[in-house]
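Here are my notes on this one, set out as numbered points. Keep the viewer open beside you as you read.

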Amino acid sequence: MVGKYRDLHRLLLWRQLGGGWQPQSAFASPEQPLHLEIVFVNGEYLLRQALQRPQHNFLGLELHWGSVRRCLRRLAHSQVNNVRLLQADARMALSRLLPDSCAESFVALFPCPWPKREHERYRLFSRAFMAHLNRVCRGGGLVVTDHKGLVEFALAQVEGSGLSLSVVEVEANYDTKYERRWIGQGQQWFYELHYRPVGPSGVVKMAEVAGNTLTCQQFDPTGAHLQGSHHEVVVEFRNQVYDSERKIWMVLTTVVEDDLTQSFWIEAALSAEDGLWHIRPALGGGYLPTVGVQKALSLVQQSGQQVETR
Ligand SMILES: C[S@@+](CC[C@H](N)C(=O)[O-])C[C@H]1O[C@@H](n2cnc3c(N)ncnc32)[C@H](O)[C@@H]1O
């Protein structure tokens, strides 16, 4: 893929990161201090920061591929090497991927205000999100918004996160797509929300599990009777395929837990070495090792007749 995205090395695929990921390891100079930019859209502020501060590393979090793609192109043109991008829901990345105190600061410019009351639940910067930002970023951070309602929401949410919040009214200062948009609509004053750590976050990174391969002595791929689960962790089994020559059976599995939905293939393969069926996520698809993934493996194992754990 020469051209548009030729510098794909800046893109991190979170399903491929595995357990215990350390974000510094993704950078050419891992010893440099790390900063997060959440909702970077086309990445113009991210790039300016990276160019102005080459002795620092920057990790961008953004949900939509269109924005990530535009940012990748921008970064490729400038050839900066101190930026990496995660296309992910920032809430999931903060609660499940980023370890304690791995970053110095965060910034989020003009996040969606979700002005309608019934949409408030979509707002970032809830108490839980702020607590995770406090857990991950040693030095607090900055949110900039045009929207008074979002400022009030942020003030109401900060208590219990271990952060303090002070709000300053400022003129346009960031020269980003959305700042220019609001200026174009006549807005002159914006709000800077300065968050500072004042205590413990009170939250922990959500548990990863070791990702054990399970085994069973007997497994009948043609007669496997799989039952999903619909409790705290929802597991749904869908398409199955069986390679009878190589004795590899696979089932497409969806696991839903809290803020995370993952779809991946689980394989059961008969090992010539020990004569057991080995049950694990199939290689190549990528998944985050969670309690839910392990639950799905156990359900497959239970559909075998004799149960053993390696
Ligand atoms: C208004 S734009 C941000 C404006 C941009 N920073 C600027 O100053 O021009 C909001 C962005 O937030 C992203 N977004 C919304 N929810 C998100 C989430 N949960 N995680 C990551 N990005 C999210 C959207 O994809 C969208 O690109």
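1. Let's start with the ligand, bearing in mind that this is a predicted model. The ligand is surrounded by 16 residues, and E62, H64, A90, L109 and T176 are the closest of them. If you are setting up the site, this is the list to begin from.

2. Which polar atoms of the protein lie close enough to the ligand to list with a distance? For T176, a polar side-chain atom is 2.6 Å from an oxygen atom of the ligand. Two backbone contacts go to nitrogen instead: a polar backbone atom of A90 lies 2.8 Å from a nitrogen atom of the ligand, and a backbone N or O atom of L63 is 3.2 Å from a nitrogen atom of the ligand.

3. Now the sheet. It is open and mixed in its pairing, with 8 strands in the order β1-β4-β3-β2-β5-β6-β8-β7. The edges belong to β1 and β7; each has a single partner strand, so one side of each has no neighbour in the sheet.

4. Strand β4 (residues 83-87) is a good place to look at the pairing in detail. Of its 5 residues, 4 are buried, so the strand is mostly covered. Strand β1 (residues 11-12) runs parallel to β4 and pairs with it over 2 bridges, and L11 has L85 as its bridge partner in β4. Strand β3 (residues 57-62) also pairs with β4 in the parallel sense, here over 5 bridges. Within β4, V83 is the bridge partner of F58, while Q87 is the bridge partner of E62. E62 is a residue to remember from the first point, as it is among the closest to the ligand.

5. How does the chain get from β3 to β4? It passes through helix α2 (residues 65-78), making a β-α-β crossover that is right-handed.

6. The loop between α2 and β4 holds N82. Is N82 buried or exposed? Its relative accessibility is 7%, which is under the 20% cut-off, so N82 counts as buried. The side chain of N82 makes two polar contacts worth checking: it reaches the backbone oxygen of H56 at 2.9 Å, and one of its polar atoms lies 3.1 Å from the backbone oxygen of A50. Leaving out residues up to four places away in sequence, N82 touches F27, Q32, A50, R53, P54, H56, N57 and F58. F58 is also the residue whose bridge partner in β4 is V83.

7. Helix α5 (residues 148-157) has L150, V151, F153, A154 and Q157 as its buried residues. Why do they sit on the same side of α5? The arc they cover around the axis is only 160°, which puts them on that one side. The general background is that an α-helix has 3.6 residues a turn, so residues three or four places apart point the same way. The buried residues of α5 pack against α4 (127-136), β6 (141-145), β7 (163-171) and β8 (189-197). Among these, β7 is one of the edge strands of the sheet.

8. A last residue to look at is G211, in the loop between β8 and β9 (214-216). With a relative accessibility of 31%, G211 counts as partly exposed. G211 and H278 are 67 residues apart along the chain, and their C-alpha atoms are separated by 13 Å.

How values were computed. Residues numbered from 1 in each chain as written. Predicted model: local features only at pLDDT ≥ 70, side-chain atom pairs only at ≥ 80, totals over all residues. Heavy atoms only, no water. Buried < 20%, exposed > 50% of the residue type's maximum accessible area, 1.4 Å probe, protein only. Arc of directions from axis to C-beta. Contact = heavy atoms within 4.5 Å. Pairing = 2+ DSSP bridges. Right-handed = clockwise from strand over helix to strand, strands pointing away. Near = heavy atom within 4 Å. Polar contact = N/O pair within 3.5 Å; in protein donor to acceptor, adjacent residues only side chain to side chain.
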